[in-house]
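Here is a short report for a reader meeting this structure for the first time. Look over the chains, then read on.

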Amino acid sequence: MAKMVQQLALPAARVKSRPLEIISRFWSWLFLLLLLLFFSLTGPGFFSFLNLQSIVNDMALALLMSLGQTFVIIAAGIDLSTGFTMGFAAVIEAVVLNALVGRLPLGLALALPLSILIALGVGTLPGLVNGILIGRLRVPPFIATLGMYGIARGLGFIFSGGGQPVSVQIPGVGDIGNGYLLYYHPAVGFSWLHTPVLPPGARPRDLVSILPFPLIVAIVAFLLCHWLLSRTRFGRHTYALGGAPEAARRAGIPVARQTLKLYMLSAFLASVAGVLYVLRFTNGDANAGDPLLLDSIAAVVIGGASLFGGEGTMVGTLIGTLIIYVIQNGLVIIGIDPYWQFVAIGAVIILAVLMDQAKARVLSR
Amino acid sequence: MLEEKAQRPKAESGQAGLGSAADARPVLEVRDLVKRFGGLVAVDHVSLAVWPGEVVGLLGDNGAGKSTLIKVISGVYRPDGGQLLFEGQEVSFASPMEARRRGIETIYQDLALCENLDAPANIFLGREPARRRWGLLKELDERYMLQETQHVLEQLDIHIPDLRQPIRQLSGGQRQSVAIARAIYWNARLMIMDEPTAALGVAEQQKVLELVRTLRARGVPVILISHNLQDVFAVADRVVVMRRGQKVGERRVAETTTNELVGLMVGAERV
């Protein structure tokens, strides 16, 4: 009899939360679709291959930082230092690359990989400190990473020697950061990695470039992070940590070590974004990542992650990042004052958090 | 360490038929246990024994020392005096993890489950099996976890329609069942349950009590802490009553009455 009652009792509990659960899971897809539709109808040239590619191209750096932010937020933390960690890593990359080129043999072929390794290593240190503060010393994530926000910012300016971006005047660096995987021109067909030499008479503007280098890095990082979060112990423990830290501890999950890894991963991905910034814009700017902090948190929250922890996916974060960059791009194309971008994205974040809270309220009832 | 724990000793899962030789020795023996907090003596020279396949009810009013006593047994607190013998050996647990490694599983009111994860994830939490993918990357073995979960739930006659939904979506009794199934799966030798029916509806209380009987039938002794005398009468073989940190009585359930037990709890009657 108890069996029967149990099976009767369960659906009632489920029906209450199902519609809201479905809406909260898919509203970001729907929202993205509506945005694409809206801008396609109102913005001339919005729905073109070139423009859509420029949207995904522009979002590569923000996506990298959002991936790290997703791990941290799912574990019920937050990383406010990701923006200035990115800028700090960019400065380190620029300074080290400038210092190495000309002193080492083989030119860029040795200096560039070495400088990237150093920048990624040094750029992960803020995450190490965050992780120790939060995991071992029990400092609230908001405070620890806010402190690191200031520290990384200051260090970025100090290392760039006076606050100006560190210019990288080395031939070839910009070609890598602005290169594409594939080029197509009707006159010559496809060519890999290098812009084709066009025959006389072929119009250069017919050249189509496919998959920019930073985007490839971001896509690979996305696939790895998605796998890590959804298929591995590391991912499972991240969810457990955010869902019920006490239960995770009692189950024998090394909570402090897991926390340390999460914040280091976030700083590492921000550093990758910093290095890509240098390759693309040929300078190391301590401020480079500052505007991306808001984007990274917004993307994660819009993507369905809960700021209470325990919920979220990498696919959601990808959709969230797309939404932000479609709004930014679309508003420019339909000719609205760019400052409205901030208003629009701020409003979308608040909307997403309201959805999250409504969901939490219904589920806890 | 995780790898080592993930290997579950399957041969030992059926302890019911260990025979009279093992029955002759208590699974847990508490001798003269003392626990003080400053000037307060929370557990005052308490002794008790738990035998294989036995359900022992631990009764007492609020502040009687029940919770402190089980927290000493489960490794949360270290005793200030007395001895703890588990399966005949003197033990001293530095942490709840150590007690758990010996096979003492405690199911608390707050369950210690991750509500955002599904039942298989909870049962294997912290001890997830992983397989190598493409020879180097280790991936969670979701299928194995699901199969093992179905298997252990079936054994315990627990029915959960959709195992892939987060357990937040389950009823209180089903969540309680998942916690018990986890302990069983990892071969609990002694189960301590703290108010397991407190937050449940009537039908679900029955289901949890049924589970307690199942455990007994499998030879796993249970210490049941409850305010609910009905629960205790329904499943316990023996009752230990505490008041102000002391053990004030011990009765076989068949030989006592509600009135006598209440009298012991509030201090109207002494052994």
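Two residues are in contact if their C-beta atoms, placed from the backbone, lie within 7 Å. With that cut-off, take chain B: among contacts between residues at least 6 apart in sequence, 67% join residues at least 24 apart. For chain A, the share of such contacts that join residues at least 24 apart is 76%. The model is predicted.

**The two chains**

The table sets out the basic content of each chain.

| Chain | Helices | Strands | Source of count |
|---|---|---|---|
| Chain A | 14 helices | 5 strands | computed from the model |
| Chain B | 10 helices | 12 strands | computed from the model |

Chain A has a radius of gyration of 23 Å. The globule rule gives 21 Å for 365 residues, and the value for chain A is close to that, so chain A is as compact as a globular protein of that length. Its C-alpha trace spans about 85 × 50 × 35 Å along the principal axes.

How much of each chain is buried? In chain A, 45% of the 365 residues count as buried. In chain B, 45% of the 271 residues do.

**Confidence in chain A**

The average pLDDT of chain A is 89. Of its residues, 93% score at least 70. Where is confidence lowest in chain A, and where is it highest? The lowest mean, 67, belongs to α1(A). The highest, 98, belongs to helix α3 (residues 60-74) of chain A. Residues 1-16 of chain A have a pLDDT below 50. Even so, this stretch has 22 contacts in the model beyond near neighbours in sequence.

**Where the chains meet**

Chain A puts 27 residues in contact with 28 residues of chain B. Three elements of chain A each give two or more residues to this side: α1 (2-42), α9 (233-243) and α10 (245-250). Which of them gives the most? The answer is α1(A), with 9 residues. This is also the element where confidence in chain A is lowest. By class, the side of chain A that touches chain B holds 13 nonpolar, 6 polar and 8 charged residues.

**Inside chain B: two domains**

Chain B is divided into two parts. Domain 1 covers 26-103 + 189-271, and domain 2 covers 118-186. Their C-alpha centres lie 28 Å apart. The contact between them takes 9 residues from domain 1 of chain B and 9 residues from domain 2 of chain B. On the domain 1 side, helix α8 (residues 202-217) of chain B gives the most, with 5 residues. That side of domain 1 of chain B divides into 6 nonpolar, 1 polar and 2 charged residues.

**Inside chain B: a sheet**

Chain B has an open sheet of 4 strands. The order is β2-β1-β4-β5 (chain B), and the pairing is antiparallel. Why is one side of β2 (40-50) and of β5 (89-90) of chain B left without a neighbour in the sheet? Both strands stand at the edges, each with a single partner strand, so one side of each has no neighbour there.

Strand β1 (residues 28-37) of chain B pairs with strand β4 (residues 81-86) of chain B. The pairing is antiparallel and runs over 5 bridges. To find one bridge in the view, start from B:V34. The bridge partner of B:V34 in β4(B) is B:G81.

Key:
Residues are numbered from 1 along each chain as its sequence is written. Chains are lettered from A and ligands numbered from 1 in the order in which they are written. This is a predicted model: local features need pLDDT of at least 70, side-chain atom pairs count only at pLDDT 80 or more; totals for chains, interfaces and linings use all residues. The radius of gyration is taken over C-alpha atoms; the globule rule is 2.2 Å times the number of residues to the power 0.38. A residue is buried if 20 or more other C-beta atoms lie within 10 Å of its own, exposed if 12 or fewer, and partly exposed in between; C-beta atoms are placed from the backbone. Ala, Val, Leu, Ile, Met, Phe, Trp, Tyr, Cys and Pro count as nonpolar, Asp, Glu, Lys and Arg as charged, and the others, Gly among them, as polar. Domain bounds come from an automatic or database domain assignment. Two strands pair if DSSP finds at least two bridges between them. pLDDT is the predictor's confidence in each residue, from 0 to 100.
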